[in-house]
Amino acid sequence: APAIPSLWGIPLKYLSLITLAVQNSMLTLIMHYSQVSAAPSRAYSPATAVLMNEILKGSISLMIAFWRIELPSPDMSGPPGLARVKRLVGDVFSADCWKLSIPAILYVIQNNLQFVAASNLQAATFQVSYQMKILTTAGFSVLLLRKKLASTQWIALLCLAIGVGIVQIQAGAIRDVKDADAHAMSALKGFLAVATACMTSGLAGVYFEMVLKNSQTDLWVRNVQLSLFSLLPALAPVFYLYASDPQEGWISTLFHNFGGWAWATVSVQVFGGLLTALVIKYSDNILKGFATSLSIVISFMASVALFDFQITFTFITGSLVVLLATWLYNHQPKRTDSISWALGWP
Ligand code: C5P
């Protein structure tokens, strides 16, 4: 049997899932803090952050893809560096590379909307509402990957929607609060952004999984293709930004207020993108949802500590329903070792 890829003896599958849970909560907190804590006049541009994210992720993936190229021995006759470059260019611009344009556009939309959502909702509220992507992911997995879901899993999905709804009730109650210094938050705007981001997340994730698992092409080559196709849609809002306020130079308009917190957000996002790709490869999008629901608990506790987030009965009820639904979704009644099944344990 082929060896299961592992790091420090921990299978990459679990390592990537656990790391993703931690990364998810960090991103929500940093993104919320970096946008909300600044006065509107000192906010940085999300469009620039999304573009930087794609450029960095693409460059890292390119280096890994280059390093992973295995040349057949006859190719070693010429200069090995040149043969590798040729091979990589051929792989990246393969006949089916256009397939990545679909998830690329969807992810750029999602990554921009995430900023709108994170800056208009409480960090923990955003985190819980964003769990609706489990619903859209399941829907698209059934449609596109022909996954079969048990009836308990459909019930779990319904519970999930109810749990997210309960949390939203409490978000409505604290609508338009003024957080920290100055940033006015709008619950409706935040909720619409998060709902749309859930749709694109489900479709893009499942589409990426389909492309990845239906071919032999290396994950890192696929990531490079994804980033390349992201550049154009990510540049569009950047052009708009410049066109609407062209008093300064290019660079200073784009990087206006782009300080340490902005770079921290981008770094955590880059890390998360690479992790997501690994999780989709070594497990799947549905297990990814399980990992990220863990991050609800982490961000919830951090929000209480950092942002004076009010612990209300409604919030706790909603969060518990979401966690219960996630457990139920992964619970397989036919097998006695249901917990280990839920975690995908062998
Ligand atoms: O919330 P969700 O899990 O759908 O978020 C996926 C994130 O991971 C997006 O920000 C997307 O840009 C990123 N991603 C990536 N490379 C992949 C798949 C997703 O950078 N191959």
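Which helix gives the most to the lining of the largest cavity? The points below work towards that from the cavity search.

1. **Model and cavities.** This is a predicted model. A search of the whole structure turns up five cavities of 30 Å³ or more. The largest cavity holds about 490 Å³ of space.

2. **Lining.** The largest cavity has 32 lining residues. Nearest its centre lie Tyr-107, Asn-111, Gly-272, Gly-273 and Thr-276. By class, the lining of the largest cavity splits into 19 polar, ten nonpolar and three charged residues.

3. **Helices behind the lining.** H11 gives the most to the lining of the largest cavity: seven residues. At least two lining residues each come from helix H1 (12-36), helix H2 (46-68), H4, helix H5 (123-129), H8, H9, H11 and helix H12 (285-307).

4. **Ligand placement.** The ligand sits in the largest cavity. Four helices each give two or more residues to the shell around the ligand: H4 (101-120), H8 (187-213), H9 (219-244) and H11 (260-282). These four also appear among the helices that supply at least two residues of the cavity lining.

5. **Shell.** There are 14 residues around the ligand. Lys-57, Asn-111, Lys-133, Ser-201 and Lys-288 come nearest. The shell divides into six polar, five nonpolar and three charged residues. Asn-111 is thus named twice: it is among the residues that come nearest the ligand, and among those nearest the centre of the largest cavity.

6. **Polar contacts.** Three side chains deserve a look. A polar side-chain atom of Lys-57 is 2.5 Å from a ligand oxygen atom. For Lys-133, a side-chain N or O atom lies 2.5 Å from an oxygen atom of the ligand. For Asn-111, the distance from a side-chain N or O atom to a ligand oxygen atom is 2.6 Å.

7. **Burial.** Taken alone, the ligand exposes 470 Å². The protein buries 92% of that area.

Key
Residues are numbered from 1 along each chain as its sequence is written. This is a predicted model: local features need pLDDT of at least 70, side-chain atom pairs count only at pLDDT 80 or more; totals for chains, interfaces and linings use all residues. Side-chain values use heavy atoms; hydrogens and water are left out. A residue is near a molecule or strand if one of its heavy atoms lies within 4 Å of it. A polar contact is a pair of N or O atoms within 3.5 Å; within protein, one must be able to donate a hydrogen and the other to accept it, and residues adjacent in sequence count only if both atoms are side-chain atoms. Accessible areas come from the Shrake-Rupley method with a 1.4 Å probe; for residues, only the protein chains shown count as cover. On a 1 Å grid over the protein atoms alone, a cavity is a set of points where a 1.4 Å probe fits but cannot get out, and a pocket is an open set with protein on both sides within 12 Å along at least five of seven lines; lining residues have an atom within 4 Å of a point. A molecule sits in a cavity or pocket if more than half of its atoms lie within 2 Å of its grid points. Ala, Val, Leu, Ile, Met, Phe, Trp, Tyr, Cys and Pro count as nonpolar, Asp, Glu, Lys and Arg as charged, and the others, Gly among them, as polar. Grid points are joined across faces, edges and corners, and a volume is the space filled by probe spheres set on the points.
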